[in-house]
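Here are a few exercises to work through with the model open. Try each one yourself before you read the solution.

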Amino acid sequence: MALLLLDAGHVVGRERLIDGLYGEDPPADATHALQSQVSRLRRGLREATASGAAVEHSPAGYRLAVDPERVDAHRFGCLAEDGRRALAAGDPAAAATLLTEALSLWRGEALADVLDAPFAVPHAARLADARAAALEDRAAAQLALGDHCAVAAELPELLVSHPLRERAVALLMRALYAGGRQAEALAVFAQARQLLADELGVDPAAELTEAHLAILRAESTATPIARRMPAQLTSFVGRDRELRQVAALLAQERLVTLSGPGGTGKTRLAVEVGARVRGAAHFIDLSPWVDSAQVVRAIAGAFGVRETGLLPSDSGPADAESRLLDALADRAQLIILDNCEQVIDIVAALAHRLLAACPGLRILATSREALHITGETLFPVGQLAVPAPDVKLSEALGSPAVRLFADRAAASRPGFVVDAGTIGPVRRICADLDGLPLAIELAAARLRTLALDEIETRLAQRFRLLSRGSRTAAPRHQTLRAVVQWSWDLLDTDEQALARRFTVFTGGATLTDAERVCGSSNADDLLTSLVDKSLVDVDAGRYRMLATVREFCAERLAEAGERAQLNRRHAEHFVALVEHADLRLRGPEQLEFLTRLAAEHANLLGALRWAVGAGATVSDLDAPPDAGDPKLAVRLIAASSWLWWLRGVRGESAPLATQLLDRLGSDTPAEEYALCVATAAQGHGDPSEHLARAATAIANHDRPLQRPYLLLLLMIGGGKINMPAEQQRTLFGADPWSQAFLRVGQGLELVFAGQPSAAEREFTAALDGFRPLGDRWAIATVLDKLAAIADGRGEPARSVELMDEAIALVEQLGTVEDTADLLNRRADARVRCGAFDAARSDYQRAEEFSRTIGCPSMRANARRGLGDIARAEGDSALAAREYALALELSGHISISAQETRARILIGSGWVAAAHGDVAQARSAHRAGLAAAMASGNLPVAAGAVEGLAETCLLAGDAERAALLLGAGAALRGAPPSGDRDVARIVAEAERLLGPRQYLDARQRGSILSRHEVLQLAGE
């Protein structure tokens, strides 16, 4: 079947099939033997009715009638080729997406089940080479997108199996250099050059040599610069001098603030600076956010820093600012913070802390006022220069204000040019508008429907009216409001209605959103018109309104008396959206809806703020808040809770959930109340009373839960639900997801009860239930549990196989933290398999990922693993250095960090024992035992006890060593499998005591209580 699948949909000749199946030694009657094989295959396919495939016969041979798109190998090839074309066409984002999808189809070695067949080896080699090429192409795309950390983490694994692929070496070097690791990049080159000479007798090819020279010369071409800037749909005109000045300032100063009133072009100037300066740069728009927690998480989110991973763990949500500081601590990075004025005090304090903790960090802020902190350099962004009436035509045409008008006017009316006949009115318009870029753009956009002289006349009339009004506002602010008012007055009634109602959206909107919330049946045409008039921007189907225009239109919304109505309609729309998405986040559409809802994050929080009664969603934050709607708010929290879990942003809504709890009535449905409590528990308050009440309510629930995941979220929040098995079954509906989730819970209970075999049966049943549903999170979670059981049973190879699939799934979900965690654990299993090179690659990738997301404890675990490998390879000095570094990194107090710390200390104990330092070894193992018991991890505690057994042997007490070995096996629940250290100690203790006395002592140790074990270990 595999041979036919490789040519799915095509006829494969008999001779080729015979050669492929039997090689050079076919049976005497090969034709009949082939027919017999085909008959068996047909029977098998008929029995597997879901396959939809059949073997067809023709005079030319046999054909497997199946769509090649259903065959992973063919689909992989097509996607990889599409990705390669996208990369060549200069679209790295599309290339990365296509290549990631292609690579996700791999589930291990190609043709692994049939490699003994004569045809298989060359085909497997071809597919492996194609996979390696796809990995290289994706790495090139990731570098072009500025994601050098992912490349530095992923390519070492490829080079373990393909060490002579020069393109992969060159890409890895460029990624390392981009991360400031020049010495490591050069070391990679030296190693590759030596390997090429030893294995092939050749020098590095041009691509590798060029990468080497670029790094030596510190050229910017050594790696693509990581710039994550918003796409700009118009050309940059009129600020060339300022662009050079700001770039020069950033080369010398660490905090530069572009200041000035709205409409002067601060944001656009900042974006252009970020696109031109050397080094990594991230742009963060702060306009949707109103409090400190939101600002911190907006910045952290831009770097992929989450509160928690996806897979359940003992660690609660980390402090977002601490994680951010850890992630940026050793990066050379420019952060652009846009629209700081509404959160100016928050940004000032945060910028001060970031700059103090991260020496390689630079900040470029845009604000209507200064941050007023030490080290700030203020750069006022003023008006564009307008030519005087009497200057030469060439000079007038070259002035910034006229150039901007000409550029935008040509976009609105193709063929329009500024020349001797039009320079007069253009110059006067620019002068009347005080050279303000936004005002000039709004005026130029009107050339689509108005003549140039008509624009001049209407603007002049507007400014005469302005001169009679308030003179307290700054002149440029008066000018900008006047031109926005003028643009507004030229809108028809429907356009004005949509423009003012659109301000209810906090983070922009899709066309569908605008239609449903703003109540406009022709929103498509109206939005297109507003885009044409430069009042709204559109990018990739998402519409946004400039902050200055939005402020003005929000005032019109309030004047129309529509704010309360629109806030409610906005909240109801997004409640309906997340309720619709809830089931889809647990199925094959998971990735699609995660992407869709990630774009609506600001809108969801804005809707929640209004519904809780914490404030309006429109930009006028000084307006008195509406009363909100607690019932709508709790529906929104309940429907969003799983989304927030999957996206790692549980803590962001916690303060609002806490505020809501006091407003909920006794008629609140128990399920919605419990999810609100679980969300509030992720904050800094004390929801213990509500947790107890929610746990009781759910324990007494008499019907299946609509959202059964609430039990997990409530437990993570600290809620303890005690109920009999029968009540558990009542809470889970008959739908496949609920039943599979129930089996996961039962499996976990069996694990905690020390029954791994029974737990494995439950997890396997859960996996069978989740697979047809396509829930990547659920499948990865169960694979993780099954891998742990297999590893504990002494089957590390099986554990690695399960981890491979789990890692592929969490990579699709984009959770770097879980990827790093699983890489560490896969590496542990590979060490037990003796696959040190592959394990080393996993640990290195895990450390690189952990560095990027600011997770020191996970970095510590990776360094601990590298220490274990060094110790296993006999390099105790390197092992000691790795353990010391790991111990320094593991200073956090979460349960998972305690486990990591325990394993580091145990490794240090083994090293000390190898050097004959019994006292140091005993001290390290005892400290490791204490940390392991604090984390509740008995298998790790067993490792410390077994390490202490070696110290007893070194001290001449073989009987105590045997007692401790028995106690260690009892703590672990099974004898250690594949642990060479323990095997060595067992052999030595048995030799010293004799088999009978050794077994007697070991048996006595195995029945000791935990308290007695701790006493024995501490003596």
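**Exercise 1.** Is Leu954 buried, partly exposed or exposed?

Before you start, a quick note on the model: it is predicted, with local features needing pLDDT of at least 70 and side-chain atom pairs counting only at pLDDT 80 or more, while totals for chains, interfaces and linings use all residues. Residues are numbered from 1 along each chain as its sequence is written, and side-chain values use heavy atoms, leaving out hydrogens and water.

*Solution.* Start with the cut-offs: buried is under 20% relative accessible area, exposed is over 50%, and partly exposed is in between (1.4 Å probe, protein chains only). Leu954 has 45% relative accessibility, so Leu954 is partly exposed. Next, place Leu954: this residue is found in helix H45 (residues 938–954), where helices are DSSP runs of H or I with at least four residues, numbered from the N terminus.

**Exercise 2.** Which residues does Leu954 touch, not counting those up to four places away in sequence?

*Solution.* Take contact as heavy atoms within 4.5 Å. That gives Ala913 and Val918. Then check Asp917, 37 residues from Leu954 along the chain: their C-alpha atoms are separated by 9.3 Å.

**Exercise 3.** Describe how H35 (residues 736–752) and H36 (residues 756–770) cross.

*Solution.* The axes, lines fitted to C-alpha atoms over the stretch in contact, have angles from 0 to 180 degrees between N-to-C directions. Here they come within 8 Å and cross at roughly 160°. That makes H35 roughly antiparallel to H36, a label for angles over 145 degrees.

Methods: Helices (H or I, at least four residues) and strands (E, at least two) are DSSP runs, numbered from the N terminus. Angles under 35 degrees count as roughly parallel, over 145 as roughly antiparallel, 65 to 115 as roughly perpendicular and the rest as oblique.
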